[in-house]
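Subject: Handing over the model

Hi there,

Here is the structure I promised to pass on to you. Have a look at it first, and then read on for my notes.

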Amino acid sequence: MEAHGAKKKKNSDDLRTIGDSSRTISIPADVIPEIFKGLPVKSLARVVCVSKECASLIRNRDFVKTYLMKSSDSSQSLIFTFEGKCSGKHFFFSSLQPQDRGESVSSSLAIYHMKCHFRPYKTFAPSVNGLICYGPPWKLMVYNPNTRRSITFPKIESMRIDIYHFLGYDPIGGDYKVLFMTKGDPVGTRYGLAQELQVLTLGKDKSWRMIEDFPLHFLDFHESPDICINGVLYYRALLNEDGTSEAFMSFDVRSEKFDLINAPELLEYHLSFPKLTCYEGKLAFVFSKLHIYIYSIELWVLEDAPTHEWSMQSYSFPIINGESCYSFNPFFVVGEGELVLAPAFVERGPFDVLYYDTKKNRVRRVLIEGITGREDPLWNKDPYHRIISVIPGHANNLMFL
């Protein structure tokens, strides 16, 4: 029995002390995660080195998931992928998206991350929550631009050259999964069947798992765009050998089940390099269109997946200084309907990214600096580079910290 008036012993799980023996500060244990949630990734990277206890807390799956959700409303980044024909490389950069403060012109400094061969790949540098998936079957990797760290997956046993890989995220379980497939040999000018579908869960699976049950579909010769929205991964597919019937495959990251969504019937033209995006939480795709010498932007939104119902919105290209910006390509939609456009090719010097508010008919120009003019022999092999993807990414992601 404890003597009357004796002080109750403090539970070590309730308080943490910070400082040296001469000056300490006691902090309730349940407050520490809340403090950590308010710190940027760079600060948490230093805290990880303080103690095993701090490292265990920050690397905890639930904390990583909560930190990502909390940071989703903070500043975002743009992730650029450039293609150099002569160098045979993809170059990856990122820059912060400036907040809309009513300014018509602003600037952002780009940061270089990495480069890799592009010849075997058929995907648009897939990114989920800022993570980038890239590499050949024998060295497929996921890279986090925030921590500048990556992990390498187990080797994929495949003799195919044309490979497709898609990164998805399950927001309920907090799991990242990679879907991998190859394209079978085409017959003449026909398209190849999707084959060797495999999946792997980051941090859990030690080997790839084959997927046996999936709808029959064909894959394009060119790059296949993809996007993950609310735990569902979407990618472009074809329903017949000659490529005349287009569709989108959906892959539920949690259940690993496939569904097929018919594309809208666009009788005037075959879809040419559409960019998948998210519009009001729904799957959408955007592309530029030339019809009778008039350029326009079309945004198609999937209103109901089970009934394959789509809606379409058409916009004129924005005009700056009296000139139409039809040399820019639409890449995705941000916020409440702002279209993000970037030039098809980049030569020397900084370039503009346009934020086109179609509702207010207002254009914001963001000057991207630090990409062109790099002192890199491989980069400088090409007189210009094609922008193959511009995608939004989280400015804060703790994966692989």
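To begin with the overall make-up, the protein chain has four helices and 31 strands. Please keep in mind that this is a predicted model. Of the chain's 401 residues, 52% count as buried. If you take the contacts with a separation of 6 or more, 53% of them come from residues 24 or more positions apart. On the outside, the chain exposes about 20,700 Å², and carbon and sulfur atoms supply 52% of that area.

**The five-stranded sheet**

One open sheet has five strands, in the order E5-E30-E29-E27-E26, and its pairing is mixed. Its edges are formed by strand E5 (105–109) and strand E26 (328–334), each of which pairs on one side only. From one strand to the next, the twist averages 25°. As a general reminder, strands of a sheet pair through backbone hydrogen bonds, either parallel or antiparallel.

At the E26 edge, the partner is strand E27 (residues 338–343), and the two pair in the antiparallel sense over six bridges. If you want a place to start looking there, Phe328 stands opposite Pro343 in E27.

Just ahead of E26 comes a loop that links it to strand E25 (323–324), and Tyr326 is found in this loop. Is Tyr326 buried, exposed or partly exposed? Its relative accessibility is 45%, so Tyr326 counts as partly exposed. Together with Leu290 and Tyr295, Tyr326 forms a nonpolar patch on the surface, and the three have about 310 Å² of accessible area together.

**Two hairpins that share E8**

The next stretch to look at runs through strands E7, E8 and E9. Strand E7 (residues 127–128) and E8 run antiparallel and are joined by two bridges; Ser127 stands opposite Ile132 in E8. These two strands form a hairpin with two residues between them. In its turn, Asn129 has a positive phi of about 55°.

E8 also pairs with strand E9 (residues 141–144), again running antiparallel, this time with three bridges. Here Cys133 has Val142 in E9 as its bridge partner. This second hairpin, formed by E8 and E9, has six residues between its strands, and Gly135 in the turn has a positive phi of about 120°.

Which way do the side chains of strand E8 (residues 131–134) point? Leu131 and Cys133 point one way, Ile132 and Tyr134 point the other way, and all are buried.

**Two loop residues with distant contacts**

Lys155 is in the loop between strand E10 (149–152) and strand E11 (163–170). With a relative accessible area of 53%, Lys155 is exposed, since the cut-off for that class is over 50%. Even so, Lys155 has partners beyond its neighbours within four places in sequence: Pro137, Trp138 and Trp208 are in contact with it. Leu140 is also worth a glance, as its C-alpha is 7.5 Å from that of Lys155, while the two residues are 15 apart in sequence.

Asp376 is placed in the loop between strand E30 (362–369) and strand E31 (385–394). E30 is also a member of the five-stranded sheet described above. Asp376 has a relative accessible area of 9% and is therefore buried, the limit for that being under 20%. Leaving aside neighbours within four places in sequence, Asp376 is in contact with Phe91 and Lys115.

**Positive phi outside glycine**

Most residues other than glycine have a negative phi. Two loop residues are therefore worth checking on the backbone plot, given that general tendency.

The first entry on my list is Asn230, with phi near 50°. Asn230 lies in the loop between strand E16 (226–229) and strand E17 (232–238), and it is exposed, with a relative accessible area of 64%.

The other entry is Glu280, where phi is near 55°. Glu280 sits in the loop between strand E20 (275–279) and strand E21 (282–291). How accessible is Glu280? Its relative accessible area is 60%, so Glu280 is exposed.

That is what I have for you, and I hope you enjoy looking through it.

Best wishes

Key:
Residues are numbered from 1 along each chain as its sequence is written. This is a predicted model: local features need pLDDT of at least 70, side-chain atom pairs count only at pLDDT 80 or more; totals for chains, interfaces and linings use all residues. Side-chain values use heavy atoms; hydrogens and water are left out. Two strands pair if DSSP finds at least two bridges between them. Axes are lines fitted to C-alpha atoms, for helices over the stretch in contact, and angles run from 0 to 180 degrees between N-to-C directions. Buried means under 20% relative accessible area, exposed over 50%, partly exposed in between (1.4 Å probe, protein chains only). Contact means heavy atoms within 4.5 Å. Accessible areas come from the Shrake-Rupley method with a 1.4 Å probe; for residues, only the protein chains shown count as cover. Patches are made of residues with over 30% relative accessible area and no salt bridge: like charges are joined within 9 Å, nonpolar side chains (Val, Leu, Ile, Met, Phe, Trp, Tyr) within 5 Å. A salt bridge is a side-chain nitrogen of Lys or Arg within 4 Å of a carboxyl oxygen of Asp or Glu.
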